Amino acid sequence: AQKESDTVAAVVQDGALVELVPTDDVTKLAVGDHRGVTVEDSIERDGERLVPVSARNNLIRHRAVLLPGPPAPYETVDDLIASIEVYTTRYVDLSPNFLRITSAYVLLSWVYDAFNELPYLRFRGDYGSGKTRALIVIGSLMYKPLFASGASTISPIFHALDLFRGTLVIDESDFRMSDEKAELVKILNQGNVRGFPVLRSQATPQKTFDPRAFHVYGPKIVAMRHSFSDQALESRFLTEEMGHRSLRSDIPINLPDCQEEEARVLRSKLLRYRFNTYHATHVRTDAYDPSLSPRTNQIMIPLLSVLDDPVLRESILASMRGTETMLSAERAASPEGQLREVIESLRESTTDAITVGEIAEAFQARFGTEYDRPITARYIGYLLRQRLHLRVMKRKGVFVVAGITPVSS
């Protein structure tokens with residue numbers, strides 16, 4: 001008998017794209033190839049029969065994952081972007097630049113698997129700032145969004161991402177336990193670069209534990225009140241600070257029922273966009289901006305690669321230049337940035353190894369008034385080891401920093 005495979009999405013050997021779509025009370029497969037787009041009960045490709053995942057799937061039935069309807073036509077990509085912005089503006093108050101970034105991110109989510117790296121989208125603000133509204137409204141346009149808000153444990157998220165391979169839409173505050181947040185950070189750390197699954201043990205019927213790799217690569221939208229302590233993780237986010245402006249009077253306090261239908265119509269058009277553009281989507285080397293850092297370029301190039309409008313691309317780049325300047329200033333004012341400044345100054349003024357005591361004394365003289373705590377050698381040693389990841393070693397009775405060569409030596 002021919003092998004059957006339950007299918008959510010696939011790119012098969014002949015280049016055809018396959019996507020799960022609901023029709024009435026059942027699911028079918030939308031197939032896009034050189035002949036056009038059709039909706040089928042099942043298809044035979046690559047020696048097996050692809051069948052749709054059932055509409056009775058718990059996540060589909062409870063709308064934890066939102067699927068597009070059958071592909072619907074749109075005029076041009078510019079018209080599609082305009083429709084996304086009109087829909088978003090009706091329900092969410094975003095800054096003009098971030099509205100453009102959000103629209104581009106929606107497009108990127110529908111062809112994300114054409115790239116090897118991705119940025120994340122984030123709405124940051126306090127209670128009542130509108131970040132949860134932004135998650136719902138914008139998340140509803142994304143490629144197969146998985147709404148994980150309110151999840152009691154992190155385990156179902158691994159399984160759902162592995163099955164649907166769509167967009168994770170998550171409110172960080174819903175994960176109150178430290179171990180759950182640690183697991184969420186694993187998903188975020190591994191999930192923006194292709195080829196780095198998360199390994200977890202899974203119980204077998206024989207009561208043993210087998211390791212299993214879970215696919216977590218894909219777009220992600222996060223709402224949170226603060227920042228992550230890991231600067232490398234922080235650098236992957238495109239962030240809008242929520243709640244800094246008064247709510248526009250024309251934005252409804254409660255989402256109307258028509259919002260879901262508007263989002264569904266746009267998802268169907270975005271599915272057609274995926275079929276139309278996927279095979280032509282690639283990294284655009286001309287999107288590289290030498291004024292931005294390599295990390296910022298890494299996360300921005302996929303976003304810019306889905307845009308042809310030079311004005312829109314330049315607007316997004318200008319916004320990122322401003323953001324990067326602000327982040328550089330914040331890093332310079334952090335204890336780590338101040339410590340680097342002190343070390344560089346000492347490197348230029350000595351021919352000997354730099355001691356922890358010298359660093360502490362110079363740090364106290366330059367920045368001590370900014371701190372409520374005493375600047376001790378112990379505290380500086382902690383920063384050197386834990387924040388700058390430098391090795392401190394004892395030499396001739398004093399602690400020195402290994403690996404730092406004085407400039408004048």
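This report describes the fold of one protein chain, from its overall dimensions to single residues.

## The chain as a whole

The structure is a predicted model. The chain has 409 residues, of which 48% are buried. Its secondary structure consists of 13 helices and 16 strands. Along the principal axes, the C-alpha trace spans about 75 × 60 × 40 Å.

Many contacts link distant parts of the sequence: among contacts between residues at least 6 apart in sequence, 68% join residues at least 24 apart. The accessible surface of the chain is about 20,800 Å², and carbon and sulfur atoms account for 51% of that area. The chain carries 49 positive and 53 negative charges, and the mean positions of these two sets are 5 Å apart.

## Two nonpolar cores

In soluble globular proteins, nonpolar side chains tend to be buried together. In this chain the largest nonpolar core has 94 residues, and L121 and F123 have the most contacts inside it. Helix 3, residues 96-110, gives the largest share of this core, with nine residues. A second core, separate from that one, has 20 residues, including I343, I380, L384 and V392.

What does L121 touch, apart from residues up to four places away in sequence? Its contacts are F98, I101, T102, Y105, I138, M142, K220, I221, V222, F237 and L238. Three of these names, K220, I221 and V222, appear again in the description of strand 13.

## Strand 13 and its partners

Strand 13 covers residues 220-224, and five of its five residues are buried, so the strand is largely enclosed by the rest of the structure. In a regular strand the side chains alternate between the two faces of the sheet. Here K220, V222 and M224 point one way from strand 13, while I221 and A223 point the other way. The residues on both sides are buried, and they include the lysine K220.

Strand 13 is paired with strand 8, residues 120-124, through four bridges, and the two run parallel. Within this pairing, L121 stands opposite I221. Strand 10 is also joined to strand 13 by four bridges, again in parallel. There, L168 has K220 as its bridge partner.

## Helix 5 and the residue after it

Helix 5 covers residues 155-164, and its buried residues are I157, F158, A160, L161, D162 and F164. An α-helix has 3.6 residues a turn, so residues three or four places apart point the same way. In helix 5, I157, A160, L161 and F164 are among the buried residues.

Just after helix 5 comes R165, with a positive phi of about 50 degrees, although this residue is not a glycine. R165 sits in the loop between helix 5 and strand 10, the latter being residues 167-171. Is R165 buried, partly exposed or exposed? Its relative accessibility is 38%, so R165 counts as partly exposed.

## Three loop residues near the start of the sequence

V8 lies in the loop between strand 1 (4-7) and strand 2 (9-11). Because its relative accessibility is 5%, V8 counts as buried. Leaving aside neighbours within four places in sequence, V8 is in contact with V18, E19, L20, V53, K144, L163 and F164. One of these contacts, F164, is also one of the buried residues of helix 5. V8 and K28 are 20 residues apart along the chain, and their C-alpha atoms are separated by 9.6 Å.

A16 is in the loop between strand 2 and strand 3. With a relative accessible area of 0%, A16 is buried. Residues up to four places away in sequence not counted, A16 touches A10, V11, V31, G32, D33 and R45. A16 and G32 are 16 residues apart in sequence, and the distance between their C-alpha atoms is 5.5 Å.

D24 is found in the loop between strand 3 (17-23) and strand 4 (26-33). Is D24 buried or exposed? At 81% relative accessibility it counts as exposed, because the cut-off for exposed is over 50%. Its phi is near 55 degrees, a positive value in a residue other than glycine.

Key
Residues numbered from 1 in each chain as written. Predicted model: local features only at pLDDT ≥ 70, side-chain atom pairs only at ≥ 80, totals over all residues. Heavy atoms only, no water. Core = buried A, V, L, I, M, F, W, Y, C linked by side-chain atoms within 4.5 Å. Buried < 20%, exposed > 50% of the residue type's maximum accessible area, 1.4 Å probe, protein only. Contact = heavy atoms within 4.5 Å. Areas by Shrake-Rupley, 256 points an atom, 1.4 Å probe, with all protein chains shown as cover. Lys, Arg positive; Asp, Glu negative; His and termini not counted. Charge placed at Lys NZ, Arg CZ, Asp CG, Glu CD. Pairing = 2+ DSSP bridges.
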